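Student: I would like a close look at a single part of this model, worked through step by step and then set in its surroundings.

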Amino acid sequence: MKNYLLNLQTLLFVTLLAALLWPSAGGTPRYLLVLVIIVELTALLRSRLAQSAATRQGARDVASIVFLVLLFWQLATARFGLLDKMLFPNPESVLRMFVTELPDMLKGLINSLILLASGFSLALGTALPLGLLVGWRSRLFHAVNPFTKVMGPIPPIVYIPYAIALLPSFRSASIFIIFIGAFWPIFINTVNGVFDIPKGLLDSARVLNLKERTLLWRVILPGAMPSICTGSTLGLLFSFVLLAAAELIGANSGIGWYVKNFADFADYQRVIVGIIFIGIVVTTLTWGTERVEKRLLRWRN
Amino acid sequence: MHEIAINNVSYAYGSHEVLRDVTFTAEAGEFICLLGPSGCGKSTLLRLLAGLDLPTSGGITLDSTPITGPGLDRGVVFQDYSLFPWMTTGQNIVLALEQAFPGKKKSEYREIAQGYLEMVGLGSAVDKLPGQLSGGMRQRVAIARAFSINAPVLLMDEPFGALDAITRARLQDLLLTLWQQNAGERKTVFFVTHDVEEAILLASRVVVLGLNPGAIRGVFTVELPRPRVRQELYLKEPFLVLRDRLVTLLHENILSELEAGETVASVGEGI
């Protein structure tokens, strides 16, 4: 109990509560108060469920950092007005705005996710089988490798002008850019994954006289899977970055468009709301891919 | 008849001569141990028998048919990497069964696999991944798989080399029991080892390979009656005499190599 009361997290929590509840002109920031209490409860729950002392401390430290940022933000804007009012709206107003804008942003998110899913699944559907084949057939590898080396590192945004000129619509141009962004990391990592399969396992496959189809499907694909997962995660993150870029081309909705649009109108309150929303979406995506990866690579531990 | 004839086989890896002019015939049902120091080409010889590599010159025949590649008439157990780590032990064996006996029902394959796992004392491990098993258990599964395809020939490349002494002894006994079980249809076994006692315990004949280049230094028939019991064996005169001869032969070879200024351990093992 004493240990609980005298740590940094609790200290900051109490300080923050005091700062929020201190009577001021704007009244009590209720949204912020709720958020702070949610963070505190989450931290307590996480540290209670933690398996080791290190993760328990980690849960507390994360909460401490969040409190520190909120405290600084609140004091510098609402309390003392140290920062420019237009560029740095106070946390309460941003939270309020977040709640009212959420339905619109979710609608935009659906459009964004459709673009993302189309581009990414197109990339996965082509890069994966091609990568397996190129990694497996050494003649193909030697023929293709120089082109991979040249084209892989080219940043996909440079294709935007061509995509717009050659493809019929904004949608197809965006999907193409996202596709390119995800294609190379998946392709290159798949090829490397095939190379990294221990030779002994391939010998085991050979002595079983597996047909090439069975070999590719049951040995090469799972053997390369750790690397394929790395490539796909990278590809997905690239796609997400490019999604924002693609939405600059000519979208009229979507999460990238949202931030860009309101930045043009100097509505920084909505810009911050959009950035926070993107952060939440990316975190959710990453969490999802980690789950899929764990499931696919269960055999590794 | 599962006679294996190795005729004037040489194998070179680039300019490095690994095996020179090896000639040897294993009769059906014999248990042959290939014994030699690291780098003598014994593993290479096993790979040639498995059809994973082809001799630079000379040839190997199985029942007078030349070996030109891997085949399901030979079961192979490696020191590691025999099992696919992403498949359960059951799936590993089923995959082999599907190749050897195509056209059966899934449940049938599973049942047969279960039976072979029980044979090596791992009946309850059918749904375990190799990563969840100890090294000794994994090798038992690999042996079960090699037996499951019912190949007349069994090739083993230091299968117990990475195991602790007790597990190793248990698996040697298990292997002998399985091999002796159906006396009429004994498999022809080639077993690579660098352990003299292991070779004498298991083999009907021990083939000693020497270094630089790998060539046969001697072939010794082990005249000890079966079933061989480890504890009694170690006290018997013929065992001690044979062990002494093999150890001397191996040491002579290694010492002469050392005097010639070569590093014994680093030459081409495993290629």
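Student: How many Å should the 14 residues of helix α3 of chain B span at 1.5 Å a residue, and how far apart are its end C-alpha atoms?

Tutor: Bearing in mind that this is a predicted model, we can begin with the length of the helix and then turn to its faces. Helix α3 of chain B runs over residues 106-119, and at 1.5 Å a residue its 14 residues should span 20 Å; the end C-alpha atoms are 20 Å apart, so the expected span and the computed one agree.

The next matter is how the helix is placed with respect to its surroundings. B:Y109, B:A113, B:Y116 and B:L117 are buried in α3(B), where buried stands for 20 or more other C-beta atoms within 10 Å of the residue's own. These four cover an arc of only 100° around the axis, and therefore they lie on the same side of α3(B). The spacing fits a general rule: an α-helix has 3.6 residues a turn, so residues three or four places apart point the same way. On the other side of α3(B), by contrast, B:S107 and B:E111 are exposed. As for what the buried side meets, the buried residues of α3(B) pack against two other helices of chain B, namely α2 (89-100) and α4 (135-148). Just after α3(B) comes B:G121, which takes a positive phi of about 75°.

To set the helix in its chain, the secondary structure of chain B comes to 8 helices and 10 strands, and buried residues make up 41% of its 271 residues. Of the contacts in chain B with a separation of 6 or more, 70% are between residues 24 or more positions apart. A compact globule of 271 residues would have a radius of gyration near 18 Å, and because chain B has 19 Å, the two values agree. The C-alpha atoms of chain B fill a box of roughly 60 × 45 × 35 Å along the principal axes.

Chain B also holds an open sheet, in which 4 strands follow the order β2-β1-β4-β5 with antiparallel pairing. Strands β2 (16-26) and β5 (65-66) of chain B stand at the edges, each with a single partner strand, so one side of each is left without a neighbour in the sheet. Strand β1 (residues 4-13) of chain B is joined to β2(B) by 7 bridges, and the two run antiparallel; within this pairing, B:Y13 has B:H16 of β2(B) as its bridge partner.

Note on methods:
Residues numbered from 1 in each chain as written. Chains lettered and ligands numbered in written order. Predicted model: local features only at pLDDT ≥ 70, side-chain atom pairs only at ≥ 80, totals over all residues. Rg over C-alpha atoms; globule rule 2.2 N^0.38 Å. Buried ≥ 20, exposed ≤ 12 C-beta atoms within 10 Å, placed from the backbone. Contact = placed C-beta atoms within 7 Å. Pairing = 2+ DSSP bridges. Expected span 1.5 Å × (residues − 1). Arc of directions from axis to C-beta.
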